[in-house]
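Visitor: I'd like a close look at one part of this model, please. Start with what surrounds that part, and then show me how the rest fits around it.

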Amino acid sequence: MKEIIRITIALTLSCLLAGLVIGTTFIFTAKAKQHNEHLNVQQTMLGLLGFGPQRPAAPELQLHQVHRYIVKENETMRMGYMLPARCSGGGPGYVWVELDLKGEFLDRHDLVLTPEAALSADDRKKALAGILDPGAEADFADTMIIACLGDRRTAYLLPGEFPGFKTFIKAMVALDADFQLLGLEVIEHEEDPGLGGEITQEYFKNQFVGKSFEKIKRLTVIKEPLPADYERYLKSMGLGNSGLSESEAADIRQRYKDQDIHALTGATISSAAVTNGVKAMVKKFAYRIQVLDQALADGDVKVLF
Amino acid sequence: MDPLYIKLALGGIALLACIGLFFGIGLALAAHKFAVEINPKVEAVKEVLAGAQ
Amino acid sequence: MKNDVKAFWTLMLIIATLWIGGCEAPSFIKAAQFEETDRIVLTFAGPVDPAWAEDRDHFTVNEKPDPDILLDIASVRLSPDQSRLTLTLADPINQNQPHQVVVKEIVSEGRNMGTQAVTVSKPYFGYLISILIGALLIQNFVFSKYLGLCVFFGTSQKKSTAVGMGITFTFVIVFASLMSWFLYQFVLKPYRLDYLQIIVFIGLVSLTVQAVDTVLRKINPALFKAFGVYLVLVIANCIVIAVPLILADNEYNMIESLMLALGAGLGFLLALFLMSSVRERLDFANVPTSYRGLPIAFIVAGLFALSFMGFSGMSIF
Amino acid sequence: MAATTKTNMQLVVNGLLNENPIFRLALSMCPAVGISTTVANGLLLGVAVLFVQVFSSCTIALIKDHIHQRIRIPTYTLTIATWVTVIDLVLAAYLPVAYKAMGIFVRLIVAFAIITMRLEVFACRNTVTASFWDGIGMGFGFMFGMVTLGAVREVLGMGTLLGYDVLGFRPMLFFVLPAAGFFLVGFMMAMFNYVETLYNRRAKRGS
């Protein structure tokens with residue numbers, strides 16, 4: 001009997017101690033982790049828009065986050081968008097707009113939500129709970145970011161995720177106002193180092209840059225080796241010291257603008273996964289933003305972008 | 001020191017304590033009921049672990 | 001003997017679950033499946049009206065997560081017996097994603113059968129098999145993911161040891177993964193305690209192993225003698241913690257988790273068996289002194305790993 | 001094994017060379033094969049392992065008299081898991097980029113045989129100080145192994161060292177592929193064996 005109690009106490013105590021150590025560490029690191037993740041995303045976004053340490057972003061550049069939800073109520077579905085808008089007090093706030101599946105404007109509500117709180121999924125959920133009908137349920141779908149300079153939309157940033165060769169690839173795509181591709185960043189992946197892992201290399205990602213919306217709709221991968229001059233151009237993009245003169249670079253850009261994506265050596269599947277993923281993301285987004293703009297105009301909703 | 005994080009940390013401690021208690025009782029009972037004198041398992045482990053050499 | 005009985009019941013359980021999972025509510029649309037790259041074929045319970053079928057507006061197709069984006073339908077074709085309908089889409093279908101097809105106001109032999117929706121996805125059974133085969137061969141944990149190597153090299157000298165280790169490991173990993181899956185889905189995730197993943201998963205394995213060790217020692221000494229040594233080694237095998245972590249990351253459901261765990265275990269058994277077969281022969285080979293023992297074993301493993309790369313990218317279903 | 005009689009320095013050297021976890025004990029091979037593709041990866045995982053090994057060894061040495069024999073192994077596992085979680089949380093919070101590069105491997109430290117094995121054969125029989133130095137030795141031994149492998153693979157595979165271009169071309173891309181890790185570890189072990197035989201032969205001749 002004594003033995004039983006001793007073992008039980010010993011194990012419980014060990015677990016309790018372990019819990020204490022881990023719990024304390026968690027309290028001290030959780031905040032930093034969240035902050036870092038946020039900072040990281042911010043840097044990725046600015047990087048995609050062409051800003052960096054050497055080229056700081058204009059102070060009036062605004063990144064507006066738009067969150068998309070799917071609202072389910074008694075077997076019917078509609079789309080819900082959480083959009084940054086000026087709230088009644090004049091400060092930045094959020095507005096909730098519902099569209100039906102065809103894109104017709106249905107309803108709008110003002111949300112009690114600050115831009116800081118809108119970053120956290122929990123706070124958004126809380127704000128939504130106040131305005132949704134009791135039977136309705138809103139499932140978060142995705143977020144898109146609209147970059148604005150003053151009143152002018154300069155770019156769209158789309159975070160997304162698609163199946164790669166091994167597991168999921170997380171990426172972010174930047175589009176300009178005409179849906180021309182400005183840049184691609186691979187945020188997370190688990191492809192094989194040396195093979196599929198090369199999707200993070202500049203010469204692969206930069207192949208996407210400058211593709212027009214029409215081209216993206218039909219983009220595929222080709223299994224031809226990258227031409228030497230094109231490779232040199234891709235590697236030097238954004239670095240400034242390419243060794244290529246302005247006219248040469250422009251010439252190469254022109255020549256390869258409408259080419260498909262050259263697959264990475266030995267990693268056709270990873271290359272195709274990225275290409276198809278980007279293609280699907282851009283196509284869906286372009287459709288949605290047009291529908292949304294139309295609906296906002298119909299419903300006479302004023303938003304910040 | 002966000003109260004949310006403290007709550008989560010406390011939840012974690014509680015969970016681990018529960019697991020510890022549950023398995024503690026389970027193992028103790030097992031040890032009691034199926035008591036066998038401990039044989040040199042340690043040697044066996046070492047043999048196979050370091051047996052690579 | 002005991003193992004056989006256990007294996008049998010596990011198998012029956014899997015079959016039963018699949019059976020129940022495979023049944024669907026009765027509907028006028030009997031079946032819907034993908035065909036080639038851009039087609040969806042609907043099979044109806046009876047003949048439908050050709051005039052009704054001609055109107056493209058009666059059909060909408062969308063990817064399940066995107067109900068607001070309807071895909072363009074290029075053509076609709078009815079089979080001569082009027083019970084099979086082929087929808088050809090303008091673009092290739094992303095078959096990894098389930099698609100929803102809504103068929104409006106079906107007209108069959110003059111009667112209106114109402115509007116029906118059907119979900120088209122790849123056969124689920126095939127998906128399960130692909131997880132199993134994936135973990136077993138294509139993404140073999142030893143040769144393609146490079147995990148569990150310490151125990152792998154430690155116990156692959158003799159075939160008998162290798163098989164013993166492999167079997168013990170398969171049982172432990174299946175059991176541990178399912179337990180971890182339950183705890184993750186019903187405790188860690190809902191209460192946002194996923195920072196405890198590591199300690200909970202490994203703790204479960206190690207405590208269970210200890211319990212089984214104690215009980216088995218008394219209840220079935222013969223079985224313990226055969227497999228007891230390997231029980232403790234299981235804890236020192238990275239795969240045993242990698243599988244629950246992968247399950248948690250990928251949000252698999254229970255059957256999928258079972259398949260991955262089974263694949264991982266059997267894959268380890270396969271790797272051990274292959275390796276031990278080679279190493280038994282290596283004992284008689286004239287290997288340079290410095291390479292005897294482990295070094296040559298590593299090079300053999302490297303050759304295996306290279307050949308397993310040949311499986312990569314293979315998709316069966 | 002009774003309590004050790006070695007001095008602290010000998011313990012460290014022991015871990016670095018005589019009982020090098022990677023090349024001599026052949027434990028913790030998974031990371032050695034899987035992610036020793038660059039020096040930086042090897043170094044970082046080495047630091048993580050060093051931390052876990054030292055802290056676990058010290059913890060076990062500290063509480064060795066209170067560990068119940070029946071639950072010895074689970075206690076080791078819980079101890080290791082605690083410290084792994086700590087380093088995992090810290091790395092994720094303060095070094096997110098490096099953490100991402102190592103992927104699942106930081107969390108897998110929990111199942112590295114080397115740590116459990118050192119607790120079982122050393123820490124539970126020795127003082128805290130001795131265990132500390134043994135942990136340091138083992139940790140650095142592991143780091144040394146990982147960095148060596150990483151250096152060879154990075155130079156031969158990518159033509160770079162620590163991310164800097166040293167060769168200007170890629171001699172053998174093969175070495176970046178994970179399968180090459182097996183070959184390289186095999187070659188390195190053989191080299192260690194060869195050097196040892198040479199050394200022994202010379203020692204014999206000398207005497």
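**From a covered helix outwards**

Guide: Let's start in chain C: helix H9 (254-282) of chain C is part of what covers the buried residues of H3(C). Before going on, keep in mind that this is a predicted model. The covered helix, H3(C), runs over residues 124-138, and its buried residues are Ile131(C), Leu132(C), Gly134(C), Ala135(C), Leu136(C), Leu137(C) and Ile138(C).

For contrast, stay in chain C and find two residues on the outside. Ile219(C) belongs to helix H6, residues 197-219 of chain C. Is Ile219(C) buried or exposed? Just 12 or fewer neighbouring C-beta atoms within 10 Å make a residue exposed, and Ile219(C) has 11 others inside that distance, so it is exposed. From Ile219(C) to Thr155(C) you cross 64 residues in sequence and 26 Å in space, C-alpha to C-alpha. The other one to find is Glu36(C), in the loop that links strand E1 (29-35) to strand E2 (39-44) of chain C. Glu36(C) isn't a glycine, yet its phi is positive, at about 45 degrees. With 10 C-beta neighbours inside 10 Å, Glu36(C) is exposed too.

Now follow chain C to its partner, chain D. On the chain D side, 37 residues touch 36 residues of chain C. Which helices of chain D each supply at least two of those residues? They are helix H2 (29-34), helix H4 (72-94), helix H6 (105-108), helix H7 (113-121) and helix H9 (178-206) of chain D. The top contributor is H9(D), with 12 residues. Sort this side of chain D by class and you get 25 nonpolar, 10 polar and two charged residues.

While we're in chain D, look at how it is put together. Chain D has nine helices and two strands. Reading from the N terminus, the order is α-α-α-α-α-α-α-α-β-β-α. The C-alpha trace spans about 60 × 55 × 25 Å along its principal axes. A compact globule of 207 residues would have a radius of gyration near 17 Å, so the 18 Å of chain D agrees with that. Of its 207 residues, 59% are counted as buried. And if you take the contacts in chain D with a separation of 6 or more, 75% of them join residues 24 or more positions apart.

One of the helices that reaches chain C, H4(D), also packs against a neighbour inside its own chain. Two packed helices are described by the angle between their axes and the distance between the axes. Here, the axes of H3(D), residues 39-63, and H4(D) come within 9 Å and cross at roughly 140 degrees. Their crossing is right-handed. From H3(D) come Ala48(D), Phe51(D), Val52(D), Phe55(D), Ser56(D), Thr59(D) and Ile60(D), and they meet Tyr76(D), Thr79(D), Ile80(D), Trp83(D), Val84(D), Ile87(D) and Leu91(D) of H4(D). An α-helix has 3.6 residues a turn, so residues three or four places apart point the same way. Check the numbers in those two lists against that idea! By class, the contact holds 11 nonpolar, three polar and no charged residues.

Chain D also meets chain A, where each chain puts in 22 residues. On the chain A side, helix H1 (residues 2-48) of chain A gives the most, with 17 residues. The classes on that side are 10 nonpolar, six polar and six charged.

That brings us to chain A itself. Its domain assignment lists domain 1 (1-48), domain 2 (61-147) and domain 3 (154-288). Domain 1 and domain 3 of chain A have centres 38 Å apart, taken over C-alpha atoms. Where they touch, four residues come from domain 1 and seven from domain 3. The domain 1 side has two nonpolar, two polar and no charged residues.

Last stop: Phe179(A), in the loop between strand E7 (168-176) and strand E8 (181-188) of chain A. Like Glu36(C), which has a positive phi, Phe179(A) is a non-glycine residue with a positive phi, about 65 degrees here. Being buried takes 20 or more other C-beta atoms within 10 Å; Phe179(A) has 20, so it is buried, whereas Glu36(C) is exposed.

Definitions and conventions. Residues numbered from 1 in each chain as written. Chains lettered and ligands numbered in written order. Predicted model: local features only at pLDDT ≥ 70, side-chain atom pairs only at ≥ 80, totals over all residues. Contact = placed C-beta atoms within 7 Å. Helix = DSSP H or I, 4+ residues; strand = E, 2+ residues; numbered from the N terminus. Nonpolar A, V, L, I, M, F, W, Y, C, P; charged D, E, K, R; others polar. Domains from an automatic or database assignment. Axes fitted to C-alpha atoms, helices over the stretch in contact; angles between N-to-C directions. Left-handed = near helix turned anticlockwise from the far one by under 90°. Rg over C-alpha atoms; globule rule 2.2 N^0.38 Å.
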